[in-house]
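User: I would like a close look at a single part of this model, followed outward into its surroundings. Please give cut-offs as you go.

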Amino acid sequence: MGHHGHEHEACEACQTNAGHHLPALSPREVDRRYRFRLETDPAAPRAGEEIRITVRIETADGRPATGLQVHHERLVHFLVVSENLEEFHHLHPEDFGLLTEEARAQARFTFPVTLRWGGRYVIAVDAVDRGQALHKELELSVEGPPQPPTRWDLSRTRSVDGLTCVLHTMPDRIEARNRVEANIEIEAGGAPVTDLEPYLGVLAHLAIFRENASGSAHTHGGGPEFAHQHFHKPTPGYRGPKLYWGHVFKAPGRYRIFAQFRRGGRVYTVPFDVEVHAPHEGR
Ligand SMILES: [Cu+2]
């Protein structure tokens, strides 16, 4: 969510849909207006053991943020990623029955997770407060075996659980600070997949992390209406085979994109790695 929204005022059609067009607060504004308090149980979390993570969201005056709104069918979305980007979880308190009325009134969000390694993890928090999207990254330090180096794979074709997914980007060479139009084309057994199912309100979720988990974004995709900054009307009943999305990568470097979509009641997570180049000057 970090990036989606601020450049899409033109689209009336999607606005009623899933909330991709909400104005996003800048990281500076988020820090000015909110406090995020991270607690873990146990206090010194260890790899291989369940950790209960609690994030409390307060406004700058120290009160619970009570204006949070459901977006994409959940109140707050948490993306947990290891520093090497080899481990990724997309979690919500509701899915564990942990969003009680009391927790909600206190803006206290708890979820369990078991992590593979020690070292640094990033928890990216996505919420919507009074119509404005906020994205915040928190850090967690875990005891345990060191994380192996990132296994980068810059190929644009990935085969996962019987599906072949091909990432197309326009332009092919991705540059920082310039919007990229992208789609992921999905095939099963050589045939295009046209029975994708909405997952948390949209056909595609994209969690995007820069190398060393030094930056993150959560954006969404779907039918052709997601191409070209959402200028198109939604295509009713569109279920594939291409998941359209777009993104502005903030800085050069390597990125891992976790694309998530659902088919046959099952959520697939497909990673793609891309190199983002410094923008050409003088254009
Ligand atoms: Cu989510």
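What relative accessible area does aspartate 31 have?

Analyst: Aspartate 31 has a relative accessible area of 40% and is partly exposed, a class between buried, under 20%, and exposed, over 50%, found with a 1.4 Å probe on protein chains only. The model is a predicted one, in which local features need pLDDT of at least 70 and side-chain atom pairs count only at pLDDT 80 or more, while totals for chains, interfaces and linings use all residues. Residues are numbered from 1 along each chain as its sequence is written, and side-chain values use heavy atoms, with hydrogens and water left out.

The partner of aspartate 31 is lysine 136, with which it forms a salt bridge whose closest N and O atoms are 2.7 Å apart; the term requires a side-chain nitrogen of Lys or Arg within 4 Å of a carboxyl oxygen of Asp or Glu. This pair links distant parts of the chain, since aspartate 31 belongs to helix α1 (residues 27–33) and lysine 136 to strand β8 (residues 132–142), 105 residues apart. Helices (H or I, at least four residues) and strands (E, at least two) are DSSP runs numbered from the N terminus.

Strand β8 takes part in another such pair: glutamate 139 forms a salt bridge with arginine 120, with 3.0 Å between the closest N and O atoms. Glutamate 139 lies in strand β8 and arginine 120 in strand β7 (residues 119–129), so the pair ties together parts that are 19 residues apart in sequence. Both partners count as partly exposed, glutamate 139 at 48% relative accessibility and arginine 120 at 22%.

A search of the whole structure finds 24 salt bridges. Among them is that of arginine 179 with glutamate 181, where the closest N and O atoms are 2.9 Å apart; here arginine 179 is buried, with a relative accessible area of 17%, and glutamate 181 counts as buried at 12%. Elsewhere, salt bridges link Glu86, Arg151, Asp153, Arg158, Arg256 and Asp273 in a network.

Turning to the nonpolar interior, the largest core has 34 residues, of which Ile184, Ile186, Phe249 and Phe261 touch the most other members. Such a core is a set of buried Ala, Val, Leu, Ile, Met, Phe, Trp, Tyr and Cys residues joined through side-chain atoms within 4.5 Å. Elements giving two or more residues to this core include β12 (180–188), β18 (253–263) and β19 (266–277), and the largest share, five residues, comes from β19. Not counting residues up to four places away in sequence, isoleucine 186 has among its contacts Leu163, Cys165, Val193, Leu243 and Phe261, contact meaning heavy atoms within 4.5 Å. Apart from the largest core lies another, of 30 residues, which includes Val30, Tyr34, Ile51 and Leu140.

The copper ion has as protein donors His77 (ND1), His90 (NE2) and His92 (NE2), at 1.8 to 2.1 Å from it. Histidine 77 lies in strand β4 (residues 76–82) and histidine 90 in strand β5 (residues 88–91), so this pair ties together parts that are 13 residues apart in sequence. The spacing of the donor residues is H-x12-H-x1-H, and histidine 77 and histidine 90 are buried. Donors are N, O and S atoms within 2.8 Å of the metal (3.2 Å for Na, K and Ca), and water is not among the atoms, so sites may look incomplete.
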